[in-house]
Protein chains: 2
Amino acid sequence: MTNATEAILVADKTNLGAITADDVARLAGVSRWTVNRAFKKDASISQTSLDKVMAASDQLGYVPDLLAASLATNKSNLVSLLVDDFSNPHKLIMMERLTRILRKNGWDTLLVNTNNEEDASAALLNARQRRVDAAVLIGISFNDHALSAAHSAQRVNKLIVFARTSENPDTISICCDDQIAMTTITNYVIEKGYKRPLFLAGPQTISAHLGRKETFSRLWEAQFNVTPDFISVPIYDPVRAYERTKEYLEDLPIEMRPDVIVCENDALAMGAINAIRYAVGLRVPQDIAVTGFDDIPQASGPEYRLTSYRQPITAMAEALVTILKGDDTGETLDKFVGTLISRESA
Amino acid sequence: MTNATEAILVADKTNLGAITADDVARLAGVSRWTVNRAFKKDASISQTSLDKVMAASDQLGYVPDLLAASLATNKSNLVSLLVDDFSNPHKLIMMERLTRILRKNGWDTLLVNTNNEEDASAALLNARQRRVDAAVLIGISFNDHALSAAHSAQRVNKLIVFARTSENPDTISICCDDQIAMTTITNYVIEKGYKRPLFLAGPQTISAHLGRKETFSRLWEAQFNVTPDFISVPIYDPVRAYERTKEYLEDLPIEMRPDVIVCENDALAMGAINAIRYAVGLRVPQDIAVTGFDDIPQASGPEYRLTSYRQPITAMAEALVTILKGDDTGETLDKFVGTLISRESA
DNA sequence: GCAATTTGTGCACGCGGGTGCAAGAACCAA
DNA sequence: TTGGTTCTTGCACCCGCGTGCACAAATTGC
């Protein structure tokens, strides 16, 4: 029996994906390392050998094992994506964009659900055990964690906070400039002639919300010398926003009623719109206008027609890739500028 | 210099996560294999050794490397999740549930975006390269692929179609019984007294939709001896559903107007509701009622109050874990039964 | 046609840890 | 105290591939 036939038999027998470079080498009549070279671009290999190896690989259905490669090179080409809020459709957009763009550049994405508080540090630990090249945080309650988890996070190659600012020095933040964004929104609201704004914010402990709410307050004060009112909800959830807005509006004398509700994101904005319409029986935007943030797909539907602010997710994802590649040009990554999408809600 | 001090120095120097069992062993004064045992439950190790190892590990911040472990055991504890439609919020629910439950049972999830046609087979190939224990397909356009990709998929340990039936013998399907589900919905519609249903379906090439639409048609015919009308859209997108429903209703003489639209899922139902309200100017449910499928979070909001059908995702995810664990009790996995959620839309 | 290059190829060793076995230590009853 | 158990521990070898180097082959120049 020739080596080649033997290799085929072996391959057939171990159908469960146990075809190694050795098998291919045997079939192709070269050494294992030559097989290696055939799959590594920029490697020095003769056309003859390459052809032989490729033919053998096709025949056996060989593909290099990434696990072993990762172990050997200490580079996993893996990024773990920590998500702590699966109720916001915007997460879906970010996931879609990130997975697609990372994939295009050779990285796979490990999706980790950190809904439970303690999950975050466990996830970071896990990320380390899997040797991920970076951990990307898309979420809201990470800022506290990020700090406490930092010590374990030290061991994670790169800690990246995506679409949110982070004051933690151990992390890299890729996000929009909230100042610019809120300035755009505030100017829009002012230009539209609204006079009595209400700001609907998310959790109070988060820096990003502080950024948006406070920027808005500051700008408004600068213009009109009055501090706009605000309400907040403990989580970014339309139902909570609905209830809070309802509660707020119901108790309010008509003359004090806001003429626009500026929301920290679209999820809250939708809750607010629902409250205005179905709880208080008013019209949007005639009685109360509403603005959002994120421009999730639902925002464009006829039921909301929400004026919102779209972040350049694609560009941000590509910035992430740049970081992963290590082509760190030292550019600032927390000053992305998005676009205001003007619709009928305000 | 003692071995212990040396180990510490080494650990300090190679701060980048290069602490191996050897380092710990040196510090603890035992062999590397004893360190191994300390981290493997059910391993035979003395309390003394365990304590020493744990103390040393804590000091050095050692955690076993999963990559190396996967390589050695040929078990990655990794599942790749192939998603081809990031526009449906229901995906978010499934992802949340799957990642959480898989994690709880020791598996990590690789999220793969297969929006592009060719991605599916590439993803399967990649899954194999990463030695995933299983590839889970959550999507709509996999049935054709699954077949063609089967040859490359053979090499993936397990191919699981989640929340959708699959006629491909190489795959395991974990899903609701569409017959039972549609029977429940149909009976509900009949009991409510609707007489002129319209079925709004998704892509025509997919078996699951055939299941739902055809079951509905069959049941309705059995009851009233007339074939209900139906329309369809090429993708599960509210905007498409809106347009198609609008187009359909606009051209229709009032006397032929349906009194209920039964939709293949909530995304389509929302589009239909929007069309009824904002394009045609009718009321839901007074003029036309609507039912959905999936019971996505948005369905319960005051703007839709959608009557829908909730799949037992948690139980289904747990069934997936059972399969992964290999405790295959041979139970049928494509006969899950969900719950009809009755709301005001129908 | 021979030396000087320029490829091309094979190999030892390593990545970090798992497995099964065998030898040593500790324990028990007689 | 001794023979036999049971519990611990160490070790050789393996998982599949990457790296750097040395040697062989092909190419070039004169």
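Start by selecting B:Ala21 together with DNA strand C: a backbone N or O atom of B:Ala21 lies 2.8 Å from a phosphate oxygen of that strand. Keep in mind as you look around that this is a predicted model.

**Along the DNA**

Stay with chain B and click on B:Tyr62. An N or O atom in its side chain is 2.6 Å from a phosphate oxygen of DNA strand C. Now hop over to chain A and pick A:Ser46, where a side-chain N or O atom sits 3.0 Å from a phosphate oxygen of DNA strand C.

Next, show everything around DNA strand C. You should get 24 residues, and the ones that come nearest are A:Ser31, A:Thr34, A:Ser49, B:Asn36 and B:Tyr62. Try colouring the residues of this surface by type: 11 are nonpolar, eight are polar and five are charged.

Which part of the DNA strand is within 4 Å of the protein, sugar and phosphate or bases? Both, as it turns out: 59% of those atoms belong to sugar or phosphate, and the rest belong to bases.

Now switch to cartoon view and highlight helices H3 (32-39) and H5 (66-73) in chain A, then H3 (32-39) and H5 (66-73) in chain B. Each of these helices gives at least two residues to the surface near DNA strand C. H5(B) has the largest share, with four residues.

**Into the sheet**

Hide the DNA for a moment and select the strands. There's an open sheet of 10 strands here, with mixed pairing, and you can trace it in the order S5(A)-S4(A)-S3(A)-S1(A)-S2(A)-S2(B)-S1(B)-S3(B)-S4(B)-S5(B). At the edges are S5 (172-174) of chain A and S5 (172-174) of chain B, each pairing on one side only. From one strand to the next, the twist averages 30 degrees.

Zoom in on chain B and select S1 (residues 78-83) and S2 (residues 108-113). These two run parallel and are joined by six bridges. Look for B:Leu82, which stands opposite B:Val112 in S2(B).

Then bring up helix H6 (residues 89-104) of chain A. It lies across S1, S2, S3 and S4 of chain A and also S2 of chain B, running at about 80 degrees to S2(B).

**Two copies, one axis**

Last stop: show both protein chains. How many degrees of turn lay chain B on chain A? The turn is 180 degrees, with a shift of 0.0 Å along the axis and an RMSD of 0.1 Å. That is the relation of a two-fold axis. To find the axis from chain B, select B:Leu110: its C-alpha is the nearest of that chain, 2.2 Å away. Finally, select the interface: 98% of the interface residues of chain B are also interface residues in chain A, so the copies meet through the same surface.

Terms used:
Residues numbered from 1 in each chain as written. Chains lettered and ligands numbered in written order. Predicted model: local features only at pLDDT ≥ 70, side-chain atom pairs only at ≥ 80, totals over all residues. Heavy atoms only, no water. Pairing = 2+ DSSP bridges. Axes fitted to C-alpha atoms, helices over the stretch in contact; angles between N-to-C directions. Contact = heavy atoms within 4.5 Å. Least-squares fit on C-alpha atoms with pLDDT ≥ 70 in both. Near = heavy atom within 4 Å. Polar contact = N/O pair within 3.5 Å; in protein donor to acceptor, adjacent residues only side chain to side chain. Nonpolar A, V, L, I, M, F, W, Y, C, P; charged D, E, K, R; others polar.
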